[in-house]
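Trainee: Got a minute to go through this one with me? I'd like to start with the sheet and then move on to the ligand.

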Amino acid sequence: MNLASSLRTLTDRERVFEFVNRPPQSTRADLSHGTILYLEDITVSFDGFRALNALTLYVDTGELRCIIGPNGAGKTTMMDVITGKTRPDTGSAWFGQNVDLLRLSEPEIAEAGIGRKFQKPTVFGEHSVFENLELAMAGDKSVWSTLVARLSSEQRDRIAETLALVGLSTEQDRDAGSLSHGQKQWLEIGMLLMQDPQLLLVDEPVAGMTPQEVERTAELLVSLAGKRSVVVVEHDMEFVRSIARKVTVLHEGRVLAEGSIDECQNNREVVEVYLGA
Ligand SMILES: Nc1ncnc2c1ncn2[C@@H]1O[C@H](COP(=O)(O)OP(=O)(O)OP(=O)(O)O)[C@@H](O)[C@H]1O
């Protein structure tokens with residue numbers, strides 16, 4: 001498959017790369033109050049069952065937040081509300097001071113600066129690592145023409161910076177399909193970074209990774225926070241301990257506890273419903 005046809009495949013994908021079909025106008029979040037995400041009183045019902053039940057949660061600008069909780073707690077549903085995949089019955093969801101997420105479509109939310117990394121990596125195996133990042137950059141339509149022409153030096157620099165950030169500089173010419181599972185995950189994070197999101201949502205990033213890959217992923221996510229905000233859903237408590245400053249525990253669609261990992265691990269209710277098992 002050549003790059004142009006891969007780009008068409010990319011634009012046909014429904015979920016991860018909605019940004020490719022994004023509208024031309026950009027709405028960037030106003031982060032002047034130091035809070036990047038406001039979820040207030042969010043309720044989502046599926047056939048009468050409340051997957052989210054008056055959920056209220058705030059994320060600070062530049063924060064790295066971990067979301068934990070038992071199966072069915074509502075973690076995925078919460079991510080789906082933030083990215084516009086699921087509309088809540090009630091409540092409000094704001095990105096910074098000015099972007100009402102409930103009024104935006106999925107592509108518009110991606111365009112506003114929210115990137116989501118699903119659990120399973122979906123890189124283009126038959127293309128090189130470099131080309132995968134090039135394709136991701138092509139989400140910016142002004143870059144499309146470069147797929148048949150040549151990248152500018154700034155574009156090459158951006159790809160090189162991203163390769164360094166995700167630790168794949170030495171792998172740039174390898175087919176993405178030949179990377180290890182961990183490397184594929186990092187490449188996909190790199191592909192999201194090519195869109196320069198302000199908020200990155202990451203779903204179970206270390207599932208299936210070797211201990212070394214887990215360690216490297218921890219470093220990567222920690223390095224991304226600050227400039228961006230990162231929300232990580234993860235079950236691996238050792239990993240959560242290694243990255244999190246603040247942890248939110250969800251249970252039955254609402255926040256059960258919030259605080260440092262030690263505070264959460266010593267919380268009696270948290271132990272009962274989640275960690276004690
Ligand atoms: N489309 C749907 N239709 C019906 N019920 C749903 C739907 N999506 C989620 N649910 C239910 O809502 C609840 C919350 O699910 P959700 O996937 O958000 O939990 P989770 O915390 O992500 O769980 P896990 O850790 O297992 O991924 C579950 O009981 C689930 O069965």
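What follows is a short back-and-forth on this predicted model.

Trainee: Which strands are the edge strands of the open six-stranded sheet?

Mentor: Start with the order, which reads β6-β7-β8-β3-β9-β10, with mixed pairing. An edge strand pairs on one side only. That leaves you with β6 (114-117) and β10 (254-259).

Trainee: And how do β3 and β9 run, parallel or antiparallel?

Mentor: In general, strands of a sheet can pair either way through backbone hydrogen bonds. Here four bridges join β3 (residues 64-68) to β9 (residues 246-251), and R65 stands opposite K246 in β9. The two strands run parallel.

Trainee: Helix α11 packs on that sheet, so which strands does it touch?

Mentor: Look at residues 268-275, which make up α11. The helix direction makes about 120 degrees with that of β10. The strands touched are β9 and β10.

Trainee: Which helix gives the largest share of the shell around the ligand?

Mentor: The ligand is surrounded by F46, A51, G69, N71, G72, A73, G74, K75, T76 and T77. By type, that shell divides into three nonpolar, six polar and one charged. Three of the residues come from one helix, spanning residues 75-82, and that helix is α2.

Trainee: How many of the eight residues of α2 are buried?

Mentor: Go along the helix: K75, T77, M78, M79, D80, V81 and I82 are buried. So α2 is mostly covered, and the count is seven.

Trainee: What phi does G84 take, just after α2?

Mentor: Check the sign before the size: the phi of G84 is positive. The value is about 85 degrees.

How values were computed. Residues are numbered from 1 along each chain as its sequence is written. This is a predicted model: local features need pLDDT of at least 70, side-chain atom pairs count only at pLDDT 80 or more; totals for chains, interfaces and linings use all residues. Two strands pair if DSSP finds at least two bridges between them. Two residues are in contact if their C-beta atoms, placed from the backbone, lie within 7 Å. Axes are lines fitted to C-alpha atoms, for helices over the stretch in contact, and angles run from 0 to 180 degrees between N-to-C directions. A residue is near a molecule or strand if its C-beta atom, placed from the backbone, lies within 6 Å of it. Ala, Val, Leu, Ile, Met, Phe, Trp, Tyr, Cys and Pro count as nonpolar, Asp, Glu, Lys and Arg as charged, and the others, Gly among them, as polar. A residue is buried if 20 or more other C-beta atoms lie within 10 Å of its own, exposed if 12 or fewer, and partly exposed in between; C-beta atoms are placed from the backbone.
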